[in-house]
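Here's a quick briefing to read alongside the coordinates. Have the viewer open as you go through it.

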Amino acid sequence: MASQTLRSVKIHPDHAYVVAKTSNTANVRSGGLVIEAPNNVFLVLDQFFAPVVKLFTSAPAALSASTRVFIGKKRKGDDTPTFLPGVFTLHDFSDLTTAQQRDRDNRDTLVQDLGRGMVLREGEQMIIEFDGPDVIDWTQAGTAFEFNLGWSAV
Amino acid sequence: MAGLIQMLLGRAGRRSTPAVAVRAPVRPAVPIAPAVPRKLRFEDFSAGAQVLNVLSQVLKFEVPRGELLELEGSRPFRLQLMAHLVGASVASSAGGEITIDFSAVDLVQTPRPAPTLPAIGHPDVVVYAVPSAGGTRAEATLKTVDYSGDSVVIQGLTPSTNYDYDAYGVFGLGQVSLRAIQPAGSDSRAVELFNDTVLALHETDQAAGLTAPRLLRGARGLFPLGPKWQLSIEVNSPASVATVAESRSIANFRARRAAVAVRDARGLDASVQRRLG
């Protein structure tokens with residue numbers, strides 16, 4: 001059980017909790033980010049997901065807007081992650097700059113309903129995978145995939 | 001935001017006994033799994049049968065049997081339809097360019113960010129060209145996009161060669177409506193959920209939360225569609241509307257779906273109809 005009230009932690013591709021940041025394979029659900037809850041930490045993902053997203057290919061060109069984003073959870077011993085029912089595309093994000101995406105006026109178009117939230121106990125992983133025609137280059141300047149998780153010490 | 005799925009589930013947790021024992025009506029369907037989010041994308045729609053200049057179906061999404069879908073009317077949706085122009089054996093200029101005339105459909109500039117031309121990946125225009133004699137079909141580089149003159153110039157083609165092309169552009173002529181259709185042989189019933197001019201739909205900034213279009217009508221902002229019902233996108237326009245993914249058309253509707261065990265199909269259709277009304 002969590003011994004403290006939740007506070008918020010901002011996850012981004014270079015955050016210490018991101019243990020893998022891989023490029024996806026085109027037209028296959030693959031790659032992406034792996035976020036792992038470290039020892040003695042308890043992370044909570046809300047059902048209503050409001051990330052700031054700006055992703056590029058190695059060209060660099062903006063990632064295809066029809067790319068779908070899958071969010072799942074992998075416990076220790078799981079062969080495959082269990083994905084949340086809510087899947088979204090980058091259409092909502094691709095026309096807006098990251099500054100515009102942080103604008104409260106645009107929240108309505110950006111918040112994604114994942115169907116369920118998720119709790120990560122220590123060692124459990126949140127898996128973010130992408131399915132689209134383009135391959136993500138995480139080293140491009142301006143790349144963003146930011147969102148908040150609830151954080152608590154166990 | 002109690003929708004039809006919520007109603008069919010019953011009032012879980014609220015166990016007040018009525019003063020007079022009322023026999024509860026039989027629920028026409030019972031959800032057998034929790035409702036989960038479902039986003040309807042352009043790829044989820046199949047082609048309808050468009051008739052030019054008549055309000056007719058261009059795209060449809062059919063709810064699978066044993067499923068109930070609820071559109072979230074209060075949340076913004078996105079819809080960008082593209083006119084499809086076909087060119088056959090059009091000769092490129094000595095500079096390797098072809099001018100495509102969009103004046104029959106009114107080329108419209110959307111507020112989406114566009115790249116500096118010449119470029120590919122333009123939000124409003126996509127052109128694929130292939131030499132008529134055979135060769136590789138490829139996305140053509142756009143040299144200019146002239147909205148007031150309704151013309152597009154593509155470049156980088158082999159000079160003085162005949163080309164076939166498929167050009168897709170955002171158009172402004174006509175009206176668009178979204179309807180929920182219950183197909184019942186010749187006696188289908190339809191409820192209109194949204195209507196607008198094509199120009200207004202395409203000129204609106206659909207990415208911005210303040211201006212993005214919404215359905216916003218009916219019971220509590222949720223629009224249920226029963227099994228085998230269709231969400232129909234209908235257009236009355238002189239433009240032939242593209243139904244293929246290469247046009248980079250956009251549809252994005254927020255919905256929830258639940259698997260249901262249907263006990264009374266006619267009764268379920270009736271309650272869906274009542275809630276759409």
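What follows is a tour of the two chains, their contact and a few backbone oddities.

This is a predicted model, so treat every value below as computed from it. Chain A has 154 residues, 52% of them buried, while chain B has 277 residues, with 48% counted as buried. The two chains bury about 1,800 Å² between them.

**Chain A overall**

- Chain A is built from three helices and 13 strands.
- Its C-alpha atoms fit in a box of roughly 45 × 35 × 30 Å along the principal axes.
- The radius of gyration is 15 Å, and a compact globule of 154 residues would come out near 15 Å, so chain A agrees with that expectation.
- Counting contacts in chain A between residues at least 6 apart in sequence, 77% link residues at least 24 apart.
- About 7,100 Å² of chain A is exposed, and carbon and sulfur atoms account for 48% of that.
- On the charge side, chain A carries 15 positive and 18 negative side chains, and the centres of the two sets sit 5 Å apart.

**Chain B overall**

- Chain B comes with three helices and 18 strands.
- The box around the C-alpha atoms of chain B is roughly 85 × 40 × 30 Å, again along the principal axes.
- Take the contacts in chain B with a separation of 6 or more: residues 24 or more positions apart make up 77% of them.
- Chain B exposes about 12,500 Å², with 52% of it from carbon and sulfur atoms.
- Chain B has 29 positive and 24 negative side chains, and here the centres of the two sets are 17 Å apart.

**Where the chains meet**

- An interface's size is often quoted as the accessible area lost when the parts come together.
- By that yardstick, the contact between chain B and chain A buries about 1,800 Å², and carbon and sulfur atoms give 45% of it.
- Pro37(B), Arg41(B) and Ala207(B) together supply 27% of the area that chain B buries against chain A, more than any other three residues.
- In terms of residues, the contact draws 22 from chain B and 22 from chain A.

**Backbone oddities**

- Most peptide bonds are trans, and most residues other than glycine have a negative phi. The next few bullets pick out some departures from that.
- In chain A, the bond joining Ala59(A) and Pro60(A) is cis, with omega at about 0°. Pro60(A) falls in the loop between strand E6 (52-54) and strand E7 (68-74) of chain A.
- In chain B, the peptide bond from Leu117(B) to Pro118(B) is cis too, with omega near 0°. Look for Pro118(B) in the loop between strand E8 (98-101) and strand E9 (125-131) of chain B.
- Asn27(A) isn't a glycine, yet its phi is positive, near 65°. Asn27(A) sits in the loop between strand E2 (18-22) and strand E3 (30-36) of chain A, and with 55% relative accessibility, over the 50% cut-off, it counts as exposed.
- Arg248(B) is another non-glycine with a positive phi, about 55°. Its loop runs between strand E17 (230-236) and strand E18 (250-262) of chain B. At 37% relative accessibility, Arg248(B) counts as partly exposed, because that label covers values between 20% and 50%.

**Two residues in the E1–E2 loop of chain A**

- Tyr17(A) lies in the loop between strand E1 (7-11) and E2 of chain A, and Ala16(A) is found in the loop between E1 and E2 as well.
- Buried or exposed? Tyr17(A) has 15% relative accessibility, which is under the 20% limit, so it counts as buried. Ala16(A), with a relative accessible area of 67%, is exposed.
- Setting aside neighbours within four places in sequence, Tyr17(A) is in contact with several residues, including Ile11(A), Val34(A), Ile35(A), Glu36(A) and Trp151(A). Pro38(A), Val41(A) and Leu43(A) are also in contact with Tyr17(A).
- The C-alpha atoms of Tyr17(A) and Val34(A) are 8.3 Å apart, although 17 residues separate the two along the chain.
- For Ala16(A) and Ala37(A), 21 residues apart along the chain, the C-alpha separation is 10.0 Å.

Technical notes
Residues numbered from 1 in each chain as written. Chains lettered and ligands numbered in written order. Predicted model: local features only at pLDDT ≥ 70, side-chain atom pairs only at ≥ 80, totals over all residues. Heavy atoms only, no water. Helix = DSSP H or I, 4+ residues; strand = E, 2+ residues; numbered from the N terminus. Rg over C-alpha atoms; globule rule 2.2 N^0.38 Å. Buried < 20%, exposed > 50% of the residue type's maximum accessible area, 1.4 Å probe, protein only. Contact = heavy atoms within 4.5 Å. Areas by Shrake-Rupley, 256 points an atom, 1.4 Å probe, with all protein chains shown as cover. Lys, Arg positive; Asp, Glu negative; His and termini not counted. Charge placed at Lys NZ, Arg CZ, Asp CG, Glu CD. Buried area = accessible area lost by both parts, 1.4 Å probe.
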